[in-house]
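Open the model in your viewer and keep the selection box at hand. Each stop below gives you something to pick and tells you what is there.

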Amino acid sequence: SFCLSDDFETGIIVAGGIGVAPFKMLYKSLFAKGKKVLFYYGVRNKDFLYKIPQVDKEVFHFSTDDGSEGFKGFVSQLLEKDLSKRMPAKPRIFACGPNVMLRAVSKVAEKFGIPCEVSLESVMACGLGVCQACVVTEKTDGSYKLICSHGPIFNASEVDF
């Protein structure tokens with residue numbers, strides 16, 4: 001699961017499309033631990049936007065590729081724009097979505113020196129690591145990790161997208 005140790009003050013959740021699914025529980029867990037939360041959610045257009053009731057505009061930030069809701073552009077661009085304006089206190093990024101989005105969010109995290117964890121999605125034929133269908137390459141030594149058995153959550157700085 002995502003690391004919720006006490007060495008950060010602000011949890012920045014970044015979700016792309018159906019990558020929003022794992023974050024309801026994380027969102028509640030962060031608040032229960034007394035963390036500040038910023039939630040970034042990006043989709044293709046407003047028709048794909050999962051409606052979140054009682055949206056707090058200080059917490060929730062939306063982007064659509066076509067500009068039909070919120071920021072026009074990718075969620076990673078919105079995150080970078082906001083971080084350029086104001087860096088939250090001791091942040092940690094938690095991200096889930098398409099690999100292209102995760103790569104971009106990882107680069108933003110690296111640019112600003114923010115620890116980042118990514119939840120990777122993959123076809124998992126067996127779910128046990130036997131079939132080797134859900135391989136991700138490690139940046140450091142080029143070795144392989146299996147999303148089903150070593151993840152699905154990884155430190156973004158260790159993943160070769």
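**Stop 1: an open sheet**

Select T137 and look across to Y144 in β8, which stands opposite T137. Keep in mind throughout that this is a predicted model. T137 falls within strand β7, residues 135-138. Strands β7 and β8 pair in the antiparallel sense, over 3 bridges.

Now add β10 to the selection. The 3 strands form an open sheet, in the order β8-β7-β10, with antiparallel pairing. Which are the edge strands? They are β8 (144-146) and β10 (159-160), and each of them pairs on one side only.

**Stop 2: strand β6 and its partners**

Go next to strand β6, residues 116-119. Show the side chains. C116 and V118 point one way, while E117 and S119 point the other way. All four are buried.

Add strand β5, residues 91-96. β5 and β6 run parallel and are joined by 4 bridges. To find the match between them, pick C96: it stands opposite S119 in β6. Then select helix α3, residues 99-112. Together, β5, α3 and β6 make a right-handed β-α-β unit.

S119 is worth keeping selected. In β9, its bridge partner is I153. Strand β9 covers residues 153-155, and 3 bridges join it to β6. This pairing is antiparallel, whereas β5 and β6 run parallel.

**Stop 3: the cysteines**

Select the cysteines and show their sulfur atoms. How many disulfides does the count come to? It comes to 0.

Start with C3. Its closest cysteine sulfur is in C116, 13 Å away, so the two are too far apart for a bond. C3 counts as partly exposed, because its relative accessibility is 34%.

Then try C148. Here the closest cysteine sulfur is in C134, at 3.6 Å. That is still too far for a bond, because a disulfide needs the sulfurs within 2.5 Å. C148 counts as buried, at 18% relative accessibility.

**Stop 4: aromatic rings**

Colour the aromatic side chains. A search of the whole structure finds 10 aromatic pairs. Zoom in on F8 and F94. This pair is edge-to-face, with 5.7 Å centre to centre and 65° between the planes. F8 lies in the segment before β1 (10-16) and F94 lies in strand β5, so the pair ties together parts that are 86 residues apart in sequence. Both F8 and F94 are buried.

For another geometry, pick F60 and F62. Their ring centres are 6.4 Å apart and their planes are at 10°, so this pair is stacked. F60 is buried, with a relative accessible area of 8%. F62 also counts as buried, at 16% relative accessibility.

Widen the selection to F2, F8, F23, Y27, F31, F39, Y41, F60, F62 and F94: they form one aromatic cluster.

Two charges are also worth a look. The charged end of K35 sits over the ring of F8, 4.3 Å from its centre. R44 lies over the face of F48, at 5.3 Å from the ring centre.

**Stop 5: the nonpolar core**

Select V14, L79 and I93. In the largest nonpolar core, which has 27 residues, these three touch the most other members. Now look at where the core residues come from. β1, β2 (36-43), α2 (75-85), β5, α3, β6 and α4 (147-150) each supply at least two. Which element gives the most? It is α3, with 5 residues. In soluble globular proteins, nonpolar side chains tend to be buried together.

**Stop 6: backbone details in the loops**

Switch to the backbone. Select G151 and P152: the peptide bond between them is cis, with omega near 15°. P152 has its place in the loop between α4 and β9.

Move to K90, in the loop between α2 and β5. Its phi is near 35°, a positive value in a residue other than glycine. K90 is partly exposed, with a relative accessible area of 48%.

Finish at Q132, in the loop between β6 and β7. Its phi is positive too, near 65°. With a relative accessible area of 46%, Q132 is partly exposed.

Definitions and conventions: Residues are numbered from 1 along each chain as its sequence is written. This is a predicted model: local features need pLDDT of at least 70, side-chain atom pairs count only at pLDDT 80 or more; totals for chains, interfaces and linings use all residues. Side-chain values use heavy atoms; hydrogens and water are left out. Two strands pair if DSSP finds at least two bridges between them. Buried means under 20% relative accessible area, exposed over 50%, partly exposed in between (1.4 Å probe, protein chains only). A crossover is right-handed if, with the strands pointing away from the viewer, the path from the first strand over the helix to the second runs clockwise. Rings of Phe, Tyr and Trp (its six-membered ring) pair if their centres lie within 6.5 Å; planes under 30 degrees apart count as stacked, over 60 as edge-to-face and the rest as tilted. A charge sits over a ring if NZ of Lys or CZ of Arg is within 6 Å of the ring centre and within 35 degrees of the ring normal. A nonpolar core is a set of buried Ala, Val, Leu, Ile, Met, Phe, Trp, Tyr and Cys residues joined through side-chain atoms within 4.5 Å.
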